Amino acid sequence: MRKESKAFQAETKELLNLMINSIYTNKEIFLRELISNASDAIDKLKFTALTNSEILGENSEFKITLAVDKDKREITITDNGIGMTYDEVAENIGTIAKSGSKAFKEKLENVSKDDVDIIGQFGVGFYSGFMVADTMTILTKSPNSDKGVKWYSLGDGAYEIEEIDREERGTSITLTIKAGEEFDTFLEDWKIKELVKKYSDYVRYPIYFNNEVINSTKPIWKTDKNSLKDEDYNEFYKANFHDWEDPMLHLHLKVQGSVEYTALLYIPKKAPMDFYSKDYKKGLQLYTKNVFIMDKCDELIPEYFSFIKGLVDCDNLSLNISREILQQNSELQAISKNLEKKIISELEKILKKDREKYIEFWEAFGKNIKFGIHDMFGMNKDKLQNLLIFRTSLDEKYSTLKEYVDRMGERKEILYVVGEDLATVTSLPKMETLKEKGIEVLLLTDRIDEFALKTMMEFEGKTFKSINDSDFKIDDSKEKEEEIKKLSEDNRSLLDKIKDTLSGKIVDVELSNDLGKGASALLAKGNISLEMEKVLSQLPGNEEVKAEKILALNPEHPVFKKLQTLENSEEFKDLLDVLYTEALILEGFQIENPVEFIKKLNNLLK
Ligand code: ADP
Ligand code: MG
């Protein structure tokens, strides 16, 4: 028979240490985690039995059993689910399951031993046992193996694993509870019952304790909404969707009509650790006729709602369903469409009724919605555009596009400005002038923002315009135009010289009345804006993507007057370079050559 002593994976070991030594107050959740695993194991067995009923054998009354031995200080959780083979134990129990281990490591580097929040961010289910136990022992048998397996660990970084003789299918996990008053209560009958009621009441399989079923066994999603409290939904969420924090909101749907299904959806408070990594898989759990079919049914949820967790139960699906069949299943497609509509209308409702909550949602997942608008050539923009909110120059608070449009009066264009952050965009020279004139501008600080608006092209018949676009003028009256034209003619040779000197960097230079107290600014002509250059040129192979830049100069500014007098002197080039670089900095670009810039600046100061 096989037998080995092994060490945990490095990350697992770190996690274990962290857990064992943490002051985490919520140690009692270990029971929820182990019961969830037992329930998952029965789900898996049931699903396999759909196509291979032999594996059930005699033992087809599914249940989870809890037992406490006070003298030995032991708690045992037993299930008659799928069990594990030797290799499965080695693989599943020696590693951190749900976390991207890289993300985990990065996080660990910035965390102190007492930092407890981190524990909750990972799929640490099984290991949470070590918060209350000195040792954990697993006895298990898979229907795919003749032998059973024993796994044993002190939680000290190493474990033993060996083949054993075992008849019963399924898994038994025994914890020896740590000494100390704070742990004694876990050995009390009332405490076990209390914990099951609190965290695991809606587990669908009966949980036996002292020959009595102590949970309700009815799936929560089939329970009447009116008899459920927020806490019920929240506990179910935490027990099933790998989050240790309550969700931001839940949505319980019972849909009847051409397509019938029940759904329970959750929006988390925060994006999970691995949300922006390749490891993250979106999708909802799928059940049919009370049988768990799969964990992450991708077809049920569009990409822009990938943060939504939850489940769908639809009795009309065929039981012997496979992934290939699912992909073309028309029922599933109908559910997906229907769900999408419900989610959008729910979000619109919150946006209308509870702005604070919506902002909380938006700050966590707004990027997703904006990507959704930009993605697929704007195919989904009509559905999603009413969910958009942006801060505006009015009061730097969030505003919907509709609210903005209602305030803009006769103006034809929705104005926006793009930059790194609020401080940068609000301090641009043009913004000063716009503010004085009471013209409202959307403040865009996410990389995706401008791409989304460009994809939309218009909203309620109003087009979008960047205030840094070369053909945007704050005052487009004839007189102003004439005035600038005349001034430009008077300075023709100077402007030509500037354009010449900066050739390769700018495509043109112009005089502008829009700069307020500023001396210079950059504008862009054509399809690629300044901000888009910054984003696109970061992509591999795109290094050469450049906006067509125009240098705008304020003819009223003393530096411009200086430029006029210096036109034929040595310092001209330096002064011009400084002006151009200032404009680059204002727009959040990297300075091309900082050392040179400082030298020139110092020369001029002399
Ligand atoms: P997760 O449940 O998120 O996968 P856990 O740490 O809770 O992470 O469990 C790790 C893995 O160990 C599970 O994915 C499963 O494969 C296996 N496992 C744990 N408990 C059981 C059990 N009672 N029966 C069968 N397999 C189990
Ligand atoms: Mg688990």
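A residue counts as buried when its relative accessible area is under 20%, as exposed when that value is over 50%, and as partly exposed in between. On that scale Asp508 comes out as partly exposed, because its relative accessible area is 29%. The model is a predicted one, and everything below is read off its coordinates.

Asp508 makes a handy starting point. It is found in strand β21, and its C-alpha atom is separated by 7.1 Å from that of Lys549, although the two residues are 41 apart along the chain. Setting aside residues up to four places away in sequence, Asp508 touches Lys499, Lys549, Ile550 and Leu551. Strand β21 (508-511) turns up again in the packing of helix α19: the buried residues of α19 pack against β21, along with α17 (492-501), β23 (548-553) and α20 (572-586).

Helix α19 itself runs over residues 558-566, and its buried residues are Phe560, Leu563 and Leu566. Viewed down the helix axis, these fall within an arc of 125 degrees, so they line one face of α19. The face turned away from that buried side carries Pro558 and Thr565, both exposed. The spacing fits the usual picture: an α-helix has 3.6 residues a turn, so residues three or four places apart point the same way.

Helix α6 shows one-sided burial too. It covers residues 189-200, and at 1.5 Å a residue its twelve residues should span 16 Å; the end C-alpha atoms are 16 Å apart, so the model agrees with the expected value. Lys191, Ile192, Leu195, Val196, Tyr199 and Ser200 are the buried residues of α6. Seen down the axis, they sit within an arc of 135 degrees, so they line one face of the helix. The cover over these buried residues includes two helices, α2 (29-51) and α7 (230-240), and the strands β2 (64-69), β3 (74-79) and β8 (207-209).

Over at helix α1 (residues 10-21), the arithmetic is again for twelve residues at 1.5 Å each, giving an expected span of 16 Å; here the end C-alpha atoms are 17 Å apart, which agrees. Buried in α1 are Glu11, Thr12, Leu15, Leu16, Leu18 and Met19. They cover an arc of only 165 degrees around the axis, which puts them on the same side of α1.

Two of the elements covering α6 lead on to other residues. One is α7, where Asn234 is placed. Asn234 counts as buried because its relative accessible area is 14%, and, leaving aside neighbours within four places in sequence, it is in contact with Asp246 and Pro247. The other is α2, which supplies three residues to the shell around ligand 1, the largest share. Both α2 and α3 (86-93) contribute at least two residues each to that shell.

The shell around ligand 1 numbers 14 residues, the closest being Asn37, Asp79, Asn92, Phe126 and His242. On the polar side, nitrogen atoms of the ligand figure in two contacts: one lies 2.9 Å from a polar side-chain atom of Asp79, and one is 3.2 Å from a side-chain N or O atom of Thr171. An oxygen atom of ligand 1 lies 3.0 Å from a polar side-chain atom of Asn92. On its own the ligand has 530 Å² of accessible area, and the protein covers 90% of it.

Some backbone angles also deserve a look. Most residues other than glycine have a negative phi. Asn210 goes against this, with a positive phi of about 50 degrees. It sits in the loop between β8 and β9 (212-213) and is partly exposed because its relative accessible area is 48%. Glu396 is another non-glycine residue with a positive phi, of about 65 degrees. Its place is the loop between β15 (389-392) and β16 (398-400), and with a relative accessible area of 31% Glu396 is partly exposed.

Finally, Thr288 lies in strand β12 (residues 284-288). With a relative accessible area of 1%, Thr288 is buried. A polar atom of its side chain lies 2.7 Å from the backbone oxygen of Cys314. The C-alpha atoms of Thr288 and Ile308 are separated by 20 Å, the two residues being 20 apart along the chain.

Methods: Residues numbered from 1 in each chain as written. Chains lettered and ligands numbered in written order. Predicted model: local features only at pLDDT ≥ 70, side-chain atom pairs only at ≥ 80, totals over all residues. Heavy atoms only, no water. Helix = DSSP H or I, 4+ residues; strand = E, 2+ residues; numbered from the N terminus. Expected span 1.5 Å × (residues − 1). Buried < 20%, exposed > 50% of the residue type's maximum accessible area, 1.4 Å probe, protein only. Arc of directions from axis to C-beta. Contact = heavy atoms within 4.5 Å. Near = heavy atom within 4 Å. Polar contact = N/O pair within 3.5 Å; in protein donor to acceptor, adjacent residues only side chain to side chain. Areas by Shrake-Rupley, 256 points an atom, 1.4 Å probe, with all protein chains shown as cover.
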